[in-house]
Amino acid sequence: MNTKTIATFNPDLPIHMTFPEHDWHLLSQHWYPIALARDITEQPTATMLLDMPLVIYKIADQVIVAKDACPHRGVPLSLGRNDGLGVVCRYHGLRFGKDGKCNRIPAHPQHKISDRFHLKTYASTEKYGLIWCCLTAPLNEKPNIPHMPYWDDSNFQQLVCPFVDLNCFAGRQLEGFIDVAHFAWVHPDTFGDPDNVEVPDYITTETNYGFDADYLSSVGRYPIGINQRGKEGFQWLRHFEISLPFTATLTIHFPHNSKQVIMNAASPVSARQTRLFAPICRNYDKDLPVEDAYKFNLAIFEEDRLIVETQKPEYLPLDLTMEAHFPADRSSSMYRKLLRKMGFSPIFAA
C-alpha cells in the first residue's frame, strides 16, 4: 500500500507563503506599517503582511490586529461587522471583542467559551499616523519602530500620504528610493533634472539599525513652486537613514534652514507585492493644502512604478557578483551587503 507523507501544519505560518521559510522567519521579527491610522474604525479592515491575512478593528480605544480567520471554521472576519461589542463572524455569529477574545457563541449561549475560540492576535502600535505590526514580537514588548526625524517637533507640519500598492518586492522598491543615480532618468517631471546626470561622490556609514548616506548635489527642487535648478553654487544635502530591512527616511536640507523628511516604509505584503507608506514632515509651506503634497508625492512614486514593477529578476540579488555596479551604487551595495549580513538568502525573495 502506498503511503503519502503529510507535511506538518504550522498555524503560525501563512498557508500560501511566497517567501522561503528561512527568510520569512527573519522578516517576521521586524515591525512594518500595515494601515493608515485614520482608516481604522470599529469596523474590520482586511490587509496582509508577509503573506499572512490580517484583520484590524477598534474596540473602545484599543486597536486589534489579528489573523483574518475565525478560529471556528476559518471564514475571514473582515467579512463581518462590528455590533458595538465586537466583530461578528458572517458564518456562525461568533463575536470577538477586546484583546481579540471571543465573547459570544450564539449556538451555545450558556457554554463557557474555550480559549481555543480566541483570535490569534499580533503585537501592534500606532506611530507616525500608521498602524505598525510585528508577527512574532510578544504583545507587551516595546515596539522597535524606525526613527523619523522631526516628527515630534512642533515647528514641523506632519502629513500622512495615502498608501501606494506596487507589484514588486519591497527590497527592490526600497533600493530604488535610496538610489541617487536615477533622478534625471525616472523623475524629470517632478524633481529630477535631465541636464544634470552626473553623480558626485558620497559616503555611507554603517549604524546599529542599518546605515546612513549623505548625498550633496545640485539636483532637486526648492520648497513647492520655486525652482533653483542651474543657479551657480546651488546645492543641498540629502541625508538618508536606512533601517533594515525595508524602511528609510530622507531628510532634505533646503536653503534658509528649510527641511523636509520623507519616510519610505515598504511593507512586504508578499514577495511580489508591496504596500508603500510615506509620512512626511516639513517646516515650510505649512499653509498650503496637504492635498498638494499628497499629489506631488504620488507623482514621484508613480514615476517609479514602471521601473520597480518591470525589473528582472524580481528578487533582490544579495550576491553582488550577480549584477554590475558603478560608484553611484554605493548605497544599494551597502544595503545588499547588510541584508546578507543579517542572514537573508543570496537570492532574496525568489
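A residue counts as buried here when its relative accessible area is under 20%, as exposed when that area is over 50%, and as partly exposed in between. The model discussed below is a predicted one, and this definition is applied to its cysteines, to an aromatic pair and to two residues with positive phi.

**Confidence**

The chain has a mean pLDDT of 92, and 94% of its residues reach 70 or more. Residues 1–6 are a stretch where pLDDT stays under 50, and for these residues the model has zero contacts beyond four places in sequence.

**Cysteines**

The structure holds zero disulfides. Cys161 is in no disulfide, since its nearest cysteine sulfur, that of Cys281, is 11 Å away, whereas a disulfide requires two cysteine sulfur atoms within 2.5 Å. Cys281 is likewise in no disulfide, its nearest cysteine sulfur being that of Cys161 at 11 Å. Because its relative accessibility is 1%, which is under the 20% limit, Cys161 counts as buried. Cys281 is buried too, with a relative accessible area of 0%.

**Two open sheets**

One open sheet is built from three strands in the order β1-β10-β9, and its pairing is antiparallel. The edges are taken by β1 (32–36) and β9 (123–127), each of which has a single partner strand, so one side of each is left without a neighbour in the sheet. Averaged over neighbouring strands and with direction ignored, the turn of one strand against the next in this sheet is 30°. The antiparallel contact between β1 and strand β10 (residues 130–134) is made by four bridges, and within this part of the sheet Ala35 stands opposite Ile131 in β10.

Another open sheet, also of three strands and with antiparallel pairing, has the order β2-β3-β4. Its edge strands are β2 and β4 (62–67), each pairing on one side only. Neighbouring strands are turned by 30° against each other on average in this sheet, direction ignored. Between β2 and β3 the antiparallel pairing extends over five bridges, and the bridge partner of Thr47 in β3 is Leu54.

**Aromatic residues**

A search of the whole structure finds 16 aromatic pairs. In general, such a pair of rings is described by the distance of the centres and the angle of the planes. For Phe169 and Phe348 these values are 5.0 Å centre to centre and 85° between the planes, and the pair is edge-to-face. The angle is over the 60 degrees beyond which planes count as edge-to-face, and the centres lie within the 6.5 Å used for pairing. Phe169 lies in the loop between β12 (164–166) and α2 (170–177), while Phe348 lies in strand β21 (residues 347–348), so the pair ties together parts that are 179 residues apart in sequence. Phe169 counts as buried at 0% relative accessibility, and Phe348 counts as buried at 0% relative accessibility. Both residues belong to one aromatic cluster, formed by Phe19, Tyr32, Phe169, Phe246, Phe344 and Phe348.

**Backbone geometry**

Most residues other than glycine have a negative phi, and most peptide bonds are trans. The table lists backbone angles that depart from this pattern.

| Site | Feature | Angle |
|---|---|---|
| Leu244 to Pro245 | cis peptide bond | omega near 5° |
| Lys312 to Pro313 | cis peptide bond | omega near -5° |
| Asp51 | positive phi | phi near 70° |
| Tyr150 | positive phi | phi near 70° |

Each of these sites can be placed relative to the strands and helices. Pro245 is found in the loop between β15 (236–243) and β16 (247–253), and Pro313 is found in the loop between α4 (290–308) and β20 (316–317). Asp51 is located in the loop between β2 (45–49) and β3 (52–59), and these two strands pair in the antiparallel sense. Tyr150 sits in the loop between β10 and β11 (157–160), where β10 is a strand of the sheet ordered β1-β10-β9.

Which of the classes buried, partly exposed or exposed applies to Asp51, and which to Tyr150? Asp51 counts as buried because its relative accessibility is 6%, whereas Tyr150 is partly exposed, with a relative accessible area of 30%.

Notes:
Residues numbered from 1 in each chain as written. Predicted model: local features only at pLDDT ≥ 70, side-chain atom pairs only at ≥ 80, totals over all residues. Heavy atoms only, no water. Buried < 20%, exposed > 50% of the residue type's maximum accessible area, 1.4 Å probe, protein only. Pairing = 2+ DSSP bridges. Axes fitted to C-alpha atoms, helices over the stretch in contact; angles between N-to-C directions. pLDDT = per-residue confidence, 0-100. Contact = heavy atoms within 4.5 Å. Phe/Tyr/Trp six-rings, centres within 6.5 Å; stacked < 30°, edge-to-face > 60°.
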